[in-house]
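Visitor: I should like a close look at a single residue of this model and at the chain around it. Please give a connected account once the structure is in view.

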Amino acid sequence: MGDKTLCKLSKKDFLKEHLSEYIKLVKNATSVCKKCGRVARDAKKLCKPEKFG
Ligand SMILES: [Zn+2]
């Protein structure tokens with residue numbers, strides 16, 4: 001999945017094919033994307049990250 005953000009990935013068929021991988025990225029999330037509302041443990045996976053944890 002390279003360096004693509006979750007914001008981009010989740011718009012495609014990524015979730016259908018890589019749900020378990022996605023869950024690892026969002027589990028214990030500490031950042032939220034201010035633009036898309038997605039969460040991730042790694043802020044680099046979001047396009048407009050904001051730390052909350
Ligand atoms: Zn985003």
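**Y22 and its setting**

Guide: The protein chain of this predicted model contains three helices and three strands. Read from the N terminus, these elements follow the order α-α-α-β-β-β. The radius of gyration of the protein chain is 10 Å, close to the 10 Å that the globule rule gives for 53 residues, and the chain is therefore as compact as a globular protein of that length. Measured out along the principal axes, its C-alpha trace spans about 30 × 20 × 20 Å. Of the 53 residues in the protein chain, 17% are buried. Among contacts with a separation of 6 or more, 24% join residues that lie 24 or more positions apart.

Within this framework, the residue of interest is Y22, which is located in helix 3, the element formed by residues 19–26. Is Y22 to be classed as buried or exposed, or does it fall in between? Y22 counts as partly exposed, because 18 C-beta neighbours lie inside 10 Å, whereas a buried residue would need 20 or more.

The surroundings of Y22 can be followed further along the sequence. When residues up to four places away in sequence are set aside, Y22 touches F14 and L15. A further relation concerns S10: Y22 and S10 are twelve residues apart in sequence, and their C-alpha atoms are 8.9 Å apart in space. In summary, Y22 is a partly exposed residue of helix 3, with F14 and L15 as its contacts beyond four places in sequence.

Conventions: Residues numbered from 1 in each chain as written. Predicted model: local features only at pLDDT ≥ 70, side-chain atom pairs only at ≥ 80, totals over all residues. Helix = DSSP H or I, 4+ residues; strand = E, 2+ residues; numbered from the N terminus. Buried ≥ 20, exposed ≤ 12 C-beta atoms within 10 Å, placed from the backbone. Contact = placed C-beta atoms within 7 Å. Rg over C-alpha atoms; globule rule 2.2 N^0.38 Å.
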